[in-house]
Amino acid sequence: MRERGAGIDRVGVVIPARDEQDTVAAAVRAVLTSAAALPPAVGVDVVVVADGCRDDTAARARTAGATVLEIAATAVGTARRTGCRWALQQTDDPRRLWLAT
């Protein structure tokens, strides 16, 4: 049996957001700070799915270091699904990806 977590070489963190300009940068920075504790061989993708935002959420998330996808579904489930699909496309082997949302 494979050890839990063995073989993970990429982490995808999906942050769905709608009009979160006041908090999104701190959230992205917190994830990136935590990611620094991972082994260097583990890549980390932080993706903010700005869903129907009418404020500066997308720009502030980008400035903080996240990849930003902008959609207009105004549905958190759709935002999570969009972000997870994007994260899965960033790896050649989805079995080696850890997704968090």
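Of the 101 residues of the chain in this predicted model, 36% count as buried. The chain holds three helices and four strands. Along the sequence they follow the pattern β-α-β-α-β-α-β. The four strands form an open sheet with parallel pairing.

**Overall dimensions**

- The radius of gyration is 14 Å, which agrees with the value near 13 Å for a compact globule of 101 residues.
- The C-alpha trace spans about 45 × 25 × 20 Å along its principal axes.
- The accessible surface of the chain is about 6100 Å². Carbon and sulfur atoms account for 50% of that surface.
- Many contacts span long stretches of sequence: among those between residues at least 6 apart, 66% join residues at least 24 apart.

**The sheet**

- The strand order is 3-2-1-4, and the pairing is parallel.
- Strand 3 (67-71) and strand 4 (97-100) stand at the edges. Each has a single partner strand, so one side of each is left without a neighbour in the sheet.
- On average, neighbouring strands are turned by 20° against each other, direction ignored.
- Strand 1 (residues 10-17) and strand 2 (residues 43-51) run parallel and are joined by eight bridges.
- Two residue pairs show how strand 1 and strand 2 are matched. Gly 12 has Asp 45 in strand 2 as its bridge partner. Pro 16 stands opposite Val 49 in strand 2.
- Strand 2 is largely enclosed by the rest of the structure, because eight of its nine residues are buried.

**Helices on the sheet**

- Helix 1 (residues 24-35) lies across strand 1 and strand 2. Its direction makes about 165° with strand 2.
- Helix 3 (residues 76-88) also packs on the sheet. Helix 3 touches strand 1, strand 2, strand 3 and strand 4. The angle between the directions of helix 3 and strand 2 is about 150°.

**Leu 99 on an edge strand**

- Leu 99 lies in strand 4, which is one of the edge strands.
- Leu 99 is partly exposed, with a relative accessible area of 33%.
- Leaving aside residues up to four places away in sequence, Leu 99 touches Gly 12, Val 14, Cys 84, Ala 87 and Leu 88.
- Gly 12, one of these contacts, is the residue whose bridge partner in strand 2 is Asp 45.
- Cys 84, another of the contacts, is 15 residues from Leu 99 along the chain. The C-alpha atoms of Leu 99 and Cys 84 are separated by 7.3 Å.

**Salt bridges**

- The whole structure contains six salt bridges. Among them are Asp 19 with Arg 54, Arg 60 with Asp 22, and Glu 70 with Arg 62.
- Asp 19 and Arg 54 have their closest N and O atoms 2.7 Å apart. Asp 19 lies in the loop between strand 1 and helix 1, and Arg 54 in the loop between strand 2 and helix 2 (57-64), so the pair ties together parts that are 35 residues apart in sequence.
- Asp 19 is partly exposed, at 27% relative accessibility. Arg 54 is exposed, with a relative accessible area of 66%.
- Arg 60 and Asp 22 have their closest N and O atoms 3.8 Å apart. Arg 60 is in helix 2 and Asp 22 in the loop between strand 1 and helix 1. This pair links distant parts of the chain, 38 residues apart.
- Arg 60 is partly exposed, with a relative accessible area of 36%. Asp 22 counts as exposed, at 68% relative accessibility.
- Glu 70 and Arg 62 meet through their side chains, at 2.9 Å from N to O.
- Glu 70 is exposed, with a relative accessible area of 55%. Arg 62 is partly exposed, with a relative accessible area of 40%.

Definitions and conventions
Residues are numbered from 1 along each chain as its sequence is written. This is a predicted model: local features need pLDDT of at least 70, side-chain atom pairs count only at pLDDT 80 or more; totals for chains, interfaces and linings use all residues. Side-chain values use heavy atoms; hydrogens and water are left out. Two strands pair if DSSP finds at least two bridges between them. Axes are lines fitted to C-alpha atoms, for helices over the stretch in contact, and angles run from 0 to 180 degrees between N-to-C directions. Contact means heavy atoms within 4.5 Å. A salt bridge is a side-chain nitrogen of Lys or Arg within 4 Å of a carboxyl oxygen of Asp or Glu. Buried means under 20% relative accessible area, exposed over 50%, partly exposed in between (1.4 Å probe, protein chains only). The radius of gyration is taken over C-alpha atoms; the globule rule is 2.2 Å times the number of residues to the power 0.38. Accessible areas come from the Shrake-Rupley method with a 1.4 Å probe; for residues, only the protein chains shown count as cover.
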